[in-house]
Every structure is written in structure tokens, then in C-alpha cells.
Amino acid sequence: MNDQYVALSGHIVGNERGGFETSWGHIGTYQSMDAAKRNGLNTYGSDDFCIAVVRGGKIIRWTWMGEDIGETPEVMADLEQWLP
């Protein structure tokens, strides 16, 4: 089973009084980390997005530009709702 690389953009919504949360938007699904980076950069013109490494429909790594962010398995499981 091959890994997929899913580029996701975060959007912080809310306010100081009610609190903040991040919703995620799908940029694209790619067959390599390089393709995910290239297309994310082309889409946003910056590196303001994350790349999930997905295997069998489960996030196995949560990265920024390929560098692990260090999310817990519980957080990564919650982030899976944003996969296409």
C-alpha cells in the first residue's frame, strides 16, 4: 500500500470571547511529498499549509513542509475528518 500526501490549509475561526478553532480545507492529494509541497506553494504562494502522510485512510504523519509537527495519535485521528 502506497502512502499518499494530502495538503491541507488551516483556517482559524472564532474570536477571543468565544474561543478559536481551526478548520481545514483540502488543497489536493499527491503521490509524493515534493508534489504536495509544490502544489501547496503554487496554490497559496506561501508555506502556510500542512501535509498529512496517509496510509490506508489513516494519517501516519502530520507535517509542515515534510517536517513532523509532533501531533499525538489522538489529534491525527481527529484531523482525519478533513481528508477527502
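This is a short walk through one predicted model, from the sheet to the helix and then to the side-chain pairs.

Some ground rules before the details. Because the model is predicted, local features need pLDDT of at least 70 and side-chain atom pairs count only at pLDDT 80 or more, while totals for chains, interfaces and linings use all residues. Residues are numbered from 1 along each chain as its sequence is written, and side-chain values use heavy atoms, with hydrogens and water left out. When I say helix or strand, I mean a DSSP run, numbered from the N terminus: H or I with at least four residues for a helix, E with at least two for a strand.

Let me start with the sheet. Strands of a sheet pair through backbone hydrogen bonds, either parallel or antiparallel. Here we have an open sheet of five strands in the order β2-β1-β3-β4-β5, and the pairing is antiparallel. Two strands count as paired if DSSP finds at least two bridges between them. At the edges stand β2 and β5 (67-68), each with a single partner strand, so one side of each has no neighbour in the sheet.

How does helix α1 sit relative to this sheet? Helix α1, residues 33-44, packs on the sheet and touches β1, β2, β3 and β4. Touching, or contact, means heavy atoms within 4.5 Å. The direction of α1 makes about 120° with that of β2. For such angles, axes are lines fitted to C-alpha atoms, for helices over the stretch in contact, and the angle runs from 0 to 180 degrees between N-to-C directions.

Now the strand pairs one at a time. β1 and β2 (residues 19-30) run antiparallel and are joined by 11 bridges. The two form a hairpin, with three residues between them. You can follow the register on the screen: alanine 7 stands opposite glycine 28, serine 9 has glycine 25 as its bridge partner, and valine 13 stands opposite glutamate 21. On to β3: β1 pairs with β3 over five bridges, in the antiparallel sense. There, glutamine 4 has valine 54 as its bridge partner.

Next, the aromatic residues. A pair of aromatic rings is described by the distance of the centres and the angle of the planes. Rings of Phe, Tyr and Trp (its six-membered ring) pair if their centres lie within 6.5 Å; planes under 30 degrees apart are stacked, over 60 edge-to-face, and the rest tilted. A search of the whole structure finds one aromatic pair. Tryptophan 24 and tryptophan 62 make that pair, edge-to-face, at 5.1 Å centre to centre and 90° between the planes. Tryptophan 24 is in strand β2 and tryptophan 62 in strand β4, so the pair ties together parts that are 38 residues apart in sequence.

Are these two rings' residues buried or exposed? For these labels, buried means under 20% relative accessible area, exposed over 50%, and partly exposed in between, with a 1.4 Å probe and protein chains only. Tryptophan 24 counts as buried at 16%, and tryptophan 62 is buried at 4%.

Last, the charged side chains. How many salt bridges does a search of the whole structure find? The search finds three, a salt bridge being a side-chain nitrogen of Lys or Arg within 4 Å of a carboxyl oxygen of Asp or Glu.

One of them joins arginine 55 and aspartate 3 at 2.6 Å, N to O. This pair links distant parts of the chain: arginine 55 is in strand β3 (residues 50-55), and aspartate 3 is in the segment before β1 (4-15), 52 residues apart. Aspartate 3 is buried, at 19%, while arginine 55 is partly exposed, at 39%. Not counting residues up to four places away in sequence, aspartate 3 touches Gln31, Val53, Val54, Arg55 and Ile60.

Another salt bridge is formed by glutamate 80 and lysine 58, at 3.8 Å, N to O. Lysine 58 lies in strand β4 (residues 58-64) and glutamate 80 in the segment after α2 (73-79), so to place them: distant parts of the chain, 22 residues apart. Glutamate 80 is buried, with a relative accessible area of 17%.

The remaining one pairs aspartate 68 with arginine 61 at 2.8 Å, N to O. Aspartate 68 is exposed, at 53%, and arginine 61 is partly exposed, at 30%.
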